[in-house]
Amino acid sequence: MKRILKASTALFLAALLITASGTIAFAKTAQKTADERIEEILKGMTLEEKIAQMILYDLPESPKKTQEKYQFGGYLLFADTFENETEASIKKKIKKWQKVSKVKLLIAVDEEGGGINRVSKFSQFRSEPFPSPKFLRKNGGLEAVIKDSAEKAQFLKALGINTNLAPVADTPYKASDYIAYRAYSTGAVKNARFVKTVVTEMNEYKCVSCLKHFPGYGGNGNTHTDIIRDKRSLKTYETRDLKPFKAGIKAGAPMILVNHDIINAFDNNNPASISKKVHKYLRKELGYKGVIMTDSLNMAAAKDFVGDDAKLAVKAVQAGNDMLCTGYGITAVNAITKAVKDGKITEKRINQSVRRILRMKLEYGIIR
């Protein structure tokens, strides 16, 4: 027995390293365990389930039945989901959806604060809606942001919501710009500090954050309704708009959402969300290793540009997105599955994205 205990102790100590600072850290064996778990899950998924894992689906009419059949990666909830519900009823519904999920869902909302609140706008959930980033800047600055981010993360997670599509990392030029009412500041350095703070706090509470809208709206118009072309130089992006995104990446943001602007400096032929060049820049130049997701493929700037939901979904994957935010989840799964079977997308490419999604879900305790 003593020999067994000594061997066990030796194995445990071998799995630990003492860092330069004197703290204890797990050796590569811990990371290997995570990799093994990812491969185990991946091996048990069908091609269709892998592809469905890449979809953040606008909540369908029958969430439980839909999830039982397709096994989507996540559901995006809007205000109408919460309007006539209570804390107890929402928690109960989300538990039902998660119960039928082989791989637990991302349950996501846009709870940015101010004009974009999906949950806290209803008094049965919170006595006051979460304030806008701009309000926080003017009333307490980063200290207010820390408190707000922590409270928001705990508030959402208590309801079973594990993902907030925030913070907004765009840097508008002036108060009248389309994105300005959702942004922290018109200054890139201030926005970088804001983004770093929000991501850090959300990570503390294991709530998935998402930087948006890469590589930055600036003074551009509304891609929900219009196809927008951006003529700014790459230098402008690199010295201004990308600063908040770089800060968020450095802080450990698990997701980045790409906008639908056609940005001449990157790719004058495609919206950023379906541009291979934009995604290559994000991976290679900025070194981002997390999950990349499209802005909603329901938006006119993407939908009207391509003209077909199925083709748009395929283009989004071919561009390099790991997840597709869409209200056409079933159409997307069918189209991407066909593209794989037709040889237009490799299963290896699908596996790359699913591995990133599974790793994120493991790191944030969504799956084990």
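These notebook entries record what I looked up about aromatic rings and one serine in a predicted model.

**Aromatic pairs.** I began with the rings and found that the structure holds eleven aromatic pairs. I then took up F130 and F155, whose ring centres lie 5.4 Å apart with the planes at 70°, so I entered the pair as edge-to-face, given that planes over 60 degrees apart count as such. Looking up where the two residues sit, I placed F130 in the loop between β5 (106-109) and α7 (133-138) and F155 in helix α8 (residues 141-159), so the pair ties together parts that are 25 residues apart in sequence. I also checked exposure, and noted that both F130 and F155 are buried.

**Cluster.** Turning to groups of rings, I noted one aromatic cluster that is formed by Y57, Y70, F72, Y75 and W97.

**Charges over rings.** I returned to F130 to ask what lies over its face, and found K152 there, at 5.3 Å from the ring centre. For Y173 I recorded the charged end of R240 over the ring, 3.7 Å from its centre.

**S275.** Which loop holds S275? I located S275 in the loop between β10 (262-263) and α11 (276-285). Its relative accessible area is 0%, and because buried means under 20%, I entered S275 as buried. I followed its side chain to the backbone nitrogen of K277, which the side chain of S275 reaches at 3.3 Å. Leaving aside residues up to four places away in sequence, I listed D267, N270 and A319 as the residues that S275 touches.

How values were computed:
Residues numbered from 1 in each chain as written. Predicted model: local features only at pLDDT ≥ 70, side-chain atom pairs only at ≥ 80, totals over all residues. Heavy atoms only, no water. Phe/Tyr/Trp six-rings, centres within 6.5 Å; stacked < 30°, edge-to-face > 60°. Helix = DSSP H or I, 4+ residues; strand = E, 2+ residues; numbered from the N terminus. Buried < 20%, exposed > 50% of the residue type's maximum accessible area, 1.4 Å probe, protein only. Lys NZ or Arg CZ within 6 Å of the ring centre and 35° of its normal. Polar contact = N/O pair within 3.5 Å; in protein donor to acceptor, adjacent residues only side chain to side chain. Contact = heavy atoms within 4.5 Å.
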